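Subject: A structure for you to look at

Hi there,

Here is the structure I promised to pass on to you. Please open it next to this email, and then read on for what turned up in it.

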Amino acid sequence: MTEMSYVDGNMLDGPMRELLTMDLSSAMGRCENCGMTGSMASLHVYSHAPGLVARCPSCEAVMMRLVRGPDRAWLDMRGTTFLQVPMPMQQPFSGPL
């Protein structure tokens with residue numbers, strides 16, 4: 001069997017930083033529970049808890065949780081099957097994988 005080469009997860013820093021610094025309100029996501037696809041701006045966000053809870057506008061299933069502490073944040077997107085983010089027209093990343 002041929003071994004494939006890899007680099008460590010630090011390589012994701014640049015591509016992920018580009019992704020997570022964008023306005024996510026126009027990003028599209030799909031609810032894991034009912035399959036509805038829509039913009040993140042359409043989610044119903046509740047802020048009555050220690051963090052933010054975003055629910056599907058169709059079935060009210062939790063799609064995202066965000067909790068911010070003094071020196072870190074936790075993002076849980078288990079209720080979202082994908083997140084499609086619009087990107088500026090550029091060459092796709094083609095570094096070593």
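To start with, is Asp-71 buried or exposed? Asp-71 is exposed, because its relative accessible area is 57%. Please keep in mind throughout that this is a predicted model.

**The chain as a whole**

The chain has 1 helix and 7 strands. Read from the N terminus, its elements follow the order α-β-β-β-β-β-β-β. The radius of gyration is 16 Å, while the globule rule gives 13 Å for 97 residues, so the chain is more spread out than a compact globule. You can get a feel for the dimensions from the C-alpha trace, which spans about 50 × 35 × 35 Å along its principal axes.

Of the 97 residues, 19% count as buried. The chain exposes about 7,600 Å², and carbon and sulfur atoms supply 58% of that area. As for contacts with a separation of 6 or more, 40% of them are between residues 24 or more positions apart.

**The sheet S2-S1-S7**

Now to a part that is pleasant to trace by eye. An open sheet is formed by 3 strands in the order S2-S1-S7, with antiparallel pairing. Strand S2 (37–39) and S7 are at the edges with a single partner strand each, so one side of each has no neighbour in the sheet. On average, neighbouring strands of this sheet are turned by 25° against each other, direction ignored.

Strand S1 covers residues 28–31 and pairs with S2 in the antiparallel sense over 3 bridges. Within this pairing, Gly-29 stands opposite Gly-38 in S2. Gly-38 is buried, because its relative accessible area is 12%, under the 20% cut-off. Leaving aside residues up to four places away in sequence, Gly-38 touches Ala-27, Met-28 and Gly-29.

At the other edge, strand S7 takes in residues 80–84, and Thr-80 belongs to it. Thr-80 is also a buried residue, with a relative accessible area of 12%. With residues up to four places away in sequence left out, Thr-80 touches Gly-29, Arg-30, Glu-32 and Met-63.

**Salt bridges**

How many salt bridges does the structure hold? There are 4 salt bridges in the structure. As general background, side chains of opposite charge can pair when their charged atoms come close.

One of them joins the side chains of Arg-65 and Asp-76, at 2.9 Å from N to O. Arg-65 lies in strand S5 (residues 62–68) and Asp-76 in strand S6 (residues 73–76), so this pair ties together parts that are 11 residues apart in sequence. The two partners are covered to differing degrees: Arg-65 is partly exposed at 33% relative accessibility, whereas Asp-76 is buried at 15%.

Asp-76 also forms a salt bridge with Arg-78, and here the closest N and O atoms are 2.5 Å apart. Arg-78 is exposed, with a relative accessible area of 61%. Arg-65, Asp-76 and Arg-78 are thus linked in a network of salt bridges.

The Asp-71 from the opening question takes part in a salt bridge too: its partner is Arg-72, with the closest N and O atoms 3.1 Å apart. Arg-72 is partly exposed, at a relative accessible area of 46%.

If you would like to relate the sheet to the salt-bridge network, try the pair Gly-38 and Arg-65. They are 27 residues apart in sequence and 17 Å apart in space, C-alpha to C-alpha.

**A backbone detail**

One more residue to look up is Glu-60. Where is the place of Glu-60 in the chain? Glu-60 is in the loop between strand S4 (52–55) and S5. Most residues other than glycine have a negative phi. For Glu-60, however, phi is positive, near 70°. Glu-60 is partly exposed, with a relative accessible area of 31%.

**Where to begin**

For a first look, I would go to Asp-76, which has a salt bridge with Arg-65 and another with Arg-78. After that, move to S1 and follow its antiparallel pairing with S2.

Enjoy exploring, and do write back with any questions.

Best wishes

Note on methods
Residues are numbered from 1 along each chain as its sequence is written. This is a predicted model: local features need pLDDT of at least 70, side-chain atom pairs count only at pLDDT 80 or more; totals for chains, interfaces and linings use all residues. Side-chain values use heavy atoms; hydrogens and water are left out. Helices (H or I, at least four residues) and strands (E, at least two) are DSSP runs, numbered from the N terminus. Buried means under 20% relative accessible area, exposed over 50%, partly exposed in between (1.4 Å probe, protein chains only). Contact means heavy atoms within 4.5 Å. Two strands pair if DSSP finds at least two bridges between them. Axes are lines fitted to C-alpha atoms, for helices over the stretch in contact, and angles run from 0 to 180 degrees between N-to-C directions. The radius of gyration is taken over C-alpha atoms; the globule rule is 2.2 Å times the number of residues to the power 0.38. Accessible areas come from the Shrake-Rupley method with a 1.4 Å probe; for residues, only the protein chains shown count as cover.
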